[in-house]
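Please take me through this model stop by stop. At each stop, tell me what to select and what I will find there.

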Amino acid sequence: QEVSVEVLDHLEHLALVDFRDSEGVERLQKAIQFADQLHEVNTDGVEPMDLVLEDRWCLYLREDDVTEGNCTKELLENAREKVEEYFVAPPGNIPLPKLEERDTFLQSS
Amino acid sequence: GTLTHGLRSQVSAALKEGRVTPTELCQRCLALIKSTKFLNAYITVAEETALKQAEESEDRYKKGQPLGILDGIPIAVKDNFNTAGIETTCASNMLKGYISPYNATVVQKLLDQGAVLLGKTNLDEFAMGSGSTDGVFGPVRNPWSYSRQYKEKSVPKSHSEDKEFNWVITGGSSGGSAAAVSSFTCFAAIGSDTGGSTRNPAAHCGVVGLKPTYGLISRHGLIPLVNSMDVPGILTRCVDDAAVLLGSLAGHDPKDSTTVQDNFKPFDLPDLTDVSKLSIGIPKEYRAPGLSSEILALWSKAADLFKNAGAKVVEVSLPHTRYSIVCYHVLCTAEVASNMARFDGLEYGHRSDTKESTESMYAATRREGFNDVVRGRILSGNYFLLKQNYEKYFVKAQKVRRLIANDFVEVFRSGVDILLTPTTLSDAAPYLEFIREDNRTRSAQDDILTQAANMAGLPAINVPTALSERGLPVGLQFIGRSFQEQQLLTVAKWFEKQVQFPTIELEEVKRHDNGVFQHQKSASFS
């Protein structure tokens with residue numbers, strides 16, 4: 001059962017990572033095939049496990065107290081483009097080009 | 001010479017008594033790192049800061065006020081842990097040039113106890129892989145490739161001087177850390193373990209590799225792969241040293257809410273003499289397809305060793321073992337897809353020059369920054385997380401995870417104390433052979449014996465056991481009950497003493513260690 005071009009395109013949009021070539025798509029197909037083995041296991045009545053060793057301890061929330069901060073300078077140091085205390089991004093709200101207009105190999109498939 | 005000493009038993013004492021100084025130790029390690037550069041174990045060597053730390057340690061020793069057993073001890077850290085002021089790359093183009101603004105908790109703890117941070121070790125890109133061959137700085141070479149033990153077993157002998165000959169991999173993804181410890185350039189190293197990334201290279205490099213119980217050691221500052229499975233790993237040359245490191249690193253960290261709040265008490269390991277009260281479980285499903293007959297025989301011999309010493313050795317079953325790797329594959333890729341979303345070029349790391357839009361900049365940055373392996377996992381993970389697939393794959397995998405974890409609970413409940421299994425399917429493969437299969441296939445094959453412990457959150461340790469017919473290290477794995485590291489390490493130490501794994505014989509180390517090698521008895525085990 002092959003993955004449709006629409007789903008492949010959708011994945012590229014969601015992940016903001018491209019398949020690059022047919023090898024990439026094949027890799028996904030193989031990954032899905034591999035994962036399908038899970039359906040051989042009977043999991044009736046089994047609860048999904050979020051946290052391992054959950055009977056020993058549980059996640060907690062701490063009090064909303066400010067315990068650290070004031071490190072603007074350090075946080076900005078690793079950014080390539082910044083202005084004053086802002087990270088600079090190119091214009092937003094411009095969606096990636098549609099499949100037909102994009103420079104992705106999926107065009108040719 | 002001092003470089004080959006065990007930490008606790010010898011080097012710490014030597015430092016205290018002034019027989020060697022922290023700066024001498026540091027300088028020797030730095031010199032050895034230089035002369036073993038062909039191993040490619042280190043990405044960054046922090047020479048200046050290391051020497052400074054060594055000097056400060058020396059002052060403390062002179063005043064008779066060392067901070068503890070780790071004061072002045074040279075340590076290496078895998079390059080996916082943040083280290084303030086030192087580049088942290090995860091062996092990826094995405095983080096080349098990224099200078100961490102803070103120390104990971106484990107790094108901070110080591111520094112607070114006076115350890116000397118020699119540098120950052122090489123790995124598979126973003127810790128994805130089982131060979132330490134897929135990072136942007138190139139593959140790590142197993143020091144055993146250059147050992148007398150391996151060379152005398154390989155044909156033709158004329159290759160012994162040629163460093164380009166058929167060297168073998170370290171395993172991964174913490175290969176750099178394993179190689180660093182194995183080649184004596186540091187006394188201990190920190191790795192990470194998500195599916196076996198500390199134990200696998202430990203087995204191939206002939207060192208002790210400990211994966212602690214999930215929640216025992218803080219992950220704060222460890223660049224995450226799979227939040228529900230990652231743990232910092234400990235690599236040392238003997239089990240006692242692993243206990244020392246564990247003692248200094250374990251404990252609740254308010255900065256990592258997944259660390260348990262129980263008070264952790266560091267412990268010494270007793271010298272076990274009576275194993276008659278011990279029950280060792282041999283999981284039959286770990287006789288995996290592809291397991292070499294050599295390792296199968298070694299495993300069997302180890303079981304007999306325990307039996308002959310009076311322990312109860314029983315065959316047990318972990319029925320969901322064969323689904324473990326599939327389950328891991330889905331959960332891992334799903335969490336990776338989520339964790340890698342932070343790399344967009346805006347706040348740190350690589351940034352593409354594309355300026356049309358935020359989205360196109362993000363996409364280009366990620367295309368340029370990540371290798372195929374990482375991108376492949378992100379895409380697979382996103383597939384499994386799609387609305388139409390979420391229940392079918394992700395939630396299903398979480399259910400299977402519970403079944404896998406329960407298998408272990410049942411076995412431990414039946415009276416078994418420790419499980420004994422192989423760590424790897426075979427000894428280290430030559431690099432040229434290893435790269436013929438792709439990363440995902442290799443990982444699926446190689447993780448099979450190690451990742452169930454990550455699924456269940458249990459502690460596990462690789463103990464070097466014997467040399468293979470090719471003269472390469474083979475290790476065996478012990479898996480313990482959650483938070484029972486003391487018992488696990490005590491048994492591991494007993495086993496280590498029985499097998500007397502041989503010391504690696506490396507030319508470079510001989511030269512730097514001022515003299516005669518510490519010859520240990522050859523493995524009485526193989």
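Select Glu81(A), which is partly exposed, with a relative accessible area of 30%. Now add Lys355(B): the two side chains form a salt bridge, 3.8 Å from N to O. This is a predicted model, so treat what you see as computed. Lys355(B) counts as exposed because its relative accessibility is 52%, and the cut-off for exposed is over 50%. The contact crosses between chains: Lys355(B) lies in the loop between helix H10 (321–339) and helix H11 (358–369) of chain B, and Glu81(A) in the loop between helix H3 (72–77) and strand S1 (82–83) of chain A.

Next, select Glu23(A), Arg27(A), Asp372(B) and Arg375(B), which a network of salt bridges links. Over all chains, the structure holds 26 salt bridges.

Move to Glu47(B) and Lys34(B), another salt bridge, with the closest N and O atoms 3.3 Å apart. Glu47(B) sits in helix H3 of chain B and Lys34(B) in helix H2 (residues 22–35) of chain B, 13 residues apart. Glu47(B) is partly exposed at 33% relative accessible area, whereas Lys34(B) is exposed at 54%.

Now show the strands of chain B. They include an open sheet of 11 strands in the order S1-S3-S2-S4-S6-S5-S10-S11-S9-S7-S8, with mixed pairing. At its edges are strand S1 (42–45) and strand S8 (312–316) of chain B, each paired on one side only. On average, neighbouring strands are turned by 30 degrees against each other, direction ignored.

Within the sheet, pick S10(B) and S11(B), which pair in the antiparallel sense over seven bridges. Ile461(B) has Phe478(B) in S11(B) as its bridge partner. Then add H9(B), which packs on the sheet and touches strand S7 (279–283), S8, S9, S10 and S11 of chain B. The direction of H9(B) makes about 155 degrees with that of S9(B).

Select helix H17 (residues 485–499) of chain B, which has 15 residues and reaches 21 Å from its first C-alpha to its last. Its buried residues include Leu488(B), Trp494(B) and Phe495(B). Among the elements that the buried residues of H17(B) pack against are helix H8 (239–249), helix H9 (293–308) and strand S10 (460–467) of chain B. After H17(B) comes Gln500(B), with a positive phi near 50 degrees.

Finish inside the protein. The largest nonpolar core has 171 residues, and those touching the most other members are Leu118(B), Phe126(B), Phe306(B), Tyr383(B), Phe408(B) and Phe478(B). A second, separate core of 20 residues includes Tyr146(B), Leu472(B), Leu506(B) and Val509(B).

Conventions: Residues are numbered from 1 along each chain as its sequence is written. Chains are lettered from A and ligands numbered from 1 in the order in which they are written. This is a predicted model: local features need pLDDT of at least 70, side-chain atom pairs count only at pLDDT 80 or more; totals for chains, interfaces and linings use all residues. Side-chain values use heavy atoms; hydrogens and water are left out. Helices (H or I, at least four residues) and strands (E, at least two) are DSSP runs, numbered from the N terminus. The expected span of a helix is 1.5 Å times one less than its number of residues. Buried means under 20% relative accessible area, exposed over 50%, partly exposed in between (1.4 Å probe, protein chains only). Contact means heavy atoms within 4.5 Å. A nonpolar core is a set of buried Ala, Val, Leu, Ile, Met, Phe, Trp, Tyr and Cys residues joined through side-chain atoms within 4.5 Å. Two strands pair if DSSP finds at least two bridges between them. Axes are lines fitted to C-alpha atoms, for helices over the stretch in contact, and angles run from 0 to 180 degrees between N-to-C directions. A salt bridge is a side-chain nitrogen of Lys or Arg within 4 Å of a carboxyl oxygen of Asp or Glu.
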